[in-house]
Amino acid sequence: MNRIIFANPFHPEGLWLKGNLHAHTTNSDGLLNPSQIALLYHANGYDFLSITDHGKLTDVREISGRFENLIILPGEEIDIGNLHLVALNINAEIKSDNSPEDVINEVSEQGGEVIVAHPYWSALTLRDLQDIDGYLGIEIYNATCDVFVAKGYSTVYWDNLLYRGRYIYGFAVDDAHTGLSFQRPTDTCKGWIMVKVNRRDSESLMNSIRKGLFYSSTGPEIHDVQIEGETIHVKTSPAQTINFIAKNGLGRRFFAFDKPLNEATYTVKGNEGYIRIEVEDERGRTAWTNPIIIRENTP
């Protein structure tokens, strides 16, 4: 029997919180001021928001108490050439003239975490991502990159890293800048993560994110993932496809025919390395689990 490792957010007791970890305000290149963008997300049913202005730590203390049940995490997007690092839950501004490693170390010392922003938009290479350590994951979906230049999806980077044993998390975010526009769809409230927490506060939220107790989405819901022996079973909102993605030619894709899918089952073969689940609905929106790691038992 293979050893299957997965921080399963669907089994622990707790609350589901919905949130966006990447947003800009008028303090950098965003259209809305901090109060306005917090109001926008609160009005759309979000439970948490991280304001991550470019090169600036926006003071969120003055707005944190204005919106009931909205957790606002202080953050910053640090641009180091083409490499953009989103720092979450920090308390002091971090300069972009540091090396990526120095930035990640400083964020960690402040009790925060780092996500690599929009690898596709940034034209990063696999080596760029392999040459740095200590980041929590990458943005696999970025709404503003999708809406503006059709470079919103970075799952190929994710799979290349997972294949090589870098078991990082995948995050769907907005990277909100402009809000509404007459020329294109909004770049707000399009990509989010659903996090299972013990209680509704920033400490529990960050602990769950660190453990991978979340899934990402642009629309579909993942209701449950059960692992019994060699079998992985997922239950979802109505879907057109449910994909079990693994290395090379392994994994499997399930299609809806006469009616939508609501569940699918995959039997582990043992040499997948990892499996991540993607759920796509009839509108082309997607949800993603974090990777399930498959360890082959050796004699």
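**Cysteines, ring pairs and strands**

Cys189 comes out as partly exposed, with a relative accessibility of 22%. That value, like the rest of what follows, is computed from a predicted model. The other cysteine to look at here is Cys145, which is buried, with just 2% relative accessible area. Do these two end up in a disulfide or apart? The structure holds zero disulfides. For Cys145, the nearest cysteine sulfur is that of Cys189, and it sits 17 Å away. Seen from the other end, Cys189 is likewise in no disulfide, and its nearest cysteine sulfur belongs to Cys145. A disulfide would call for two cysteine sulfur atoms within 2.5 Å, so a gap of 17 Å rules this pair out.

As for confidence, the protein averages a pLDDT of 95, and 97% of the residues score at least 70. Helix H2 (residues 61-64) has the lowest confidence, yet its mean is still 89. At the top end is strand E17 (residues 286-288), with 99. Where pLDDT is low, the predicted coordinates should not be taken in detail.

Next come the aromatic rings. The whole structure contains 10 aromatic pairs. One of them joins Phe10 and Tyr215, whose rings are stacked, with 5.8 Å between the centres and 25 degrees between the planes. Phe10 belongs to the loop between strand E1 (3-5) and strand E2 (15-20), while Tyr215 is part of strand E10 (residues 214-217), so this pair ties together parts that lie 205 residues apart in sequence. Both partners are tucked away: Phe10 is buried at 11% relative accessible area, and Tyr215 is buried at 5%. For Tyr41 and Tyr46, the ring centres are 4.9 Å apart and the planes meet at 80 degrees, which makes the pair edge-to-face. Tyr41 and Tyr46 are both buried as well. Ring pairs also link Phe10 and Tyr215 with Trp16 in a cluster. Another tryptophan, Trp192, has company of a charged kind: the charged end of Lys18 sits over its ring, 4.0 Å from the centre.

On to the strands, beginning with E5 (residues 83-88). Six of its six residues are buried, so the rest of the structure largely encloses this strand. The cover reaches both faces, with Leu83, Leu85 and Ala87 buried on one side and His84, Val86 and Leu88 buried on the other. Strand E4 (residues 71-80) runs antiparallel to E5 and is joined to it by six bridges. One example is Glu76, which has Ala87 of E5 as its bridge partner. The two strands make a hairpin with two residues between them, and Gly81 in the turn has a positive phi of about 65 degrees. E5 also runs antiparallel to strand E6 (residues 113-116), this time over four bridges. There, Leu85 finds its bridge partner in Val116.

Strand E13 (residues 241-245) is another well-covered stretch. Four of its five residues are buried, so it too is largely enclosed by the rest of the structure. E13 pairs in the antiparallel sense with strand E14 (residues 251-255) over five bridges, and with strand E16 (residues 274-280) over five bridges. Thr241 takes part in both pairings: it stands opposite Phe255 in E14 and opposite Glu280 in E16. In the hairpin of E13 and E14, five residues lie between the strands, and one residue there, Asn248, takes a positive phi near 50 degrees.

A further three strands form an open antiparallel sheet, in the order E11-E12-E15. Why do E11 and E15 each have a side without a neighbour? Strand E11 (222-228) and strand E15 (261-267) stand at the edges with a single partner strand each, so one side of each is left free within the sheet. Neighbouring strands of this sheet are turned against each other by 15 degrees on average, direction ignored. Strand E12 (residues 231-239) pairs with E15 over six bridges, and Lys235 has Glu263 of E15 as its bridge partner.

Lastly, helix H7 (residues 202-211) is home to Ser204, which is buried at a relative accessible area of 3%. Ser204 is 82 residues from Ser122 in sequence, and their C-alpha atoms are 31 Å apart in space.

Terms used
Residues numbered from 1 in each chain as written. Predicted model: local features only at pLDDT ≥ 70, side-chain atom pairs only at ≥ 80, totals over all residues. Heavy atoms only, no water. Pairing = 2+ DSSP bridges. Axes fitted to C-alpha atoms, helices over the stretch in contact; angles between N-to-C directions. Buried < 20%, exposed > 50% of the residue type's maximum accessible area, 1.4 Å probe, protein only. pLDDT = per-residue confidence, 0-100. Phe/Tyr/Trp six-rings, centres within 6.5 Å; stacked < 30°, edge-to-face > 60°. Lys NZ or Arg CZ within 6 Å of the ring centre and 35° of its normal.
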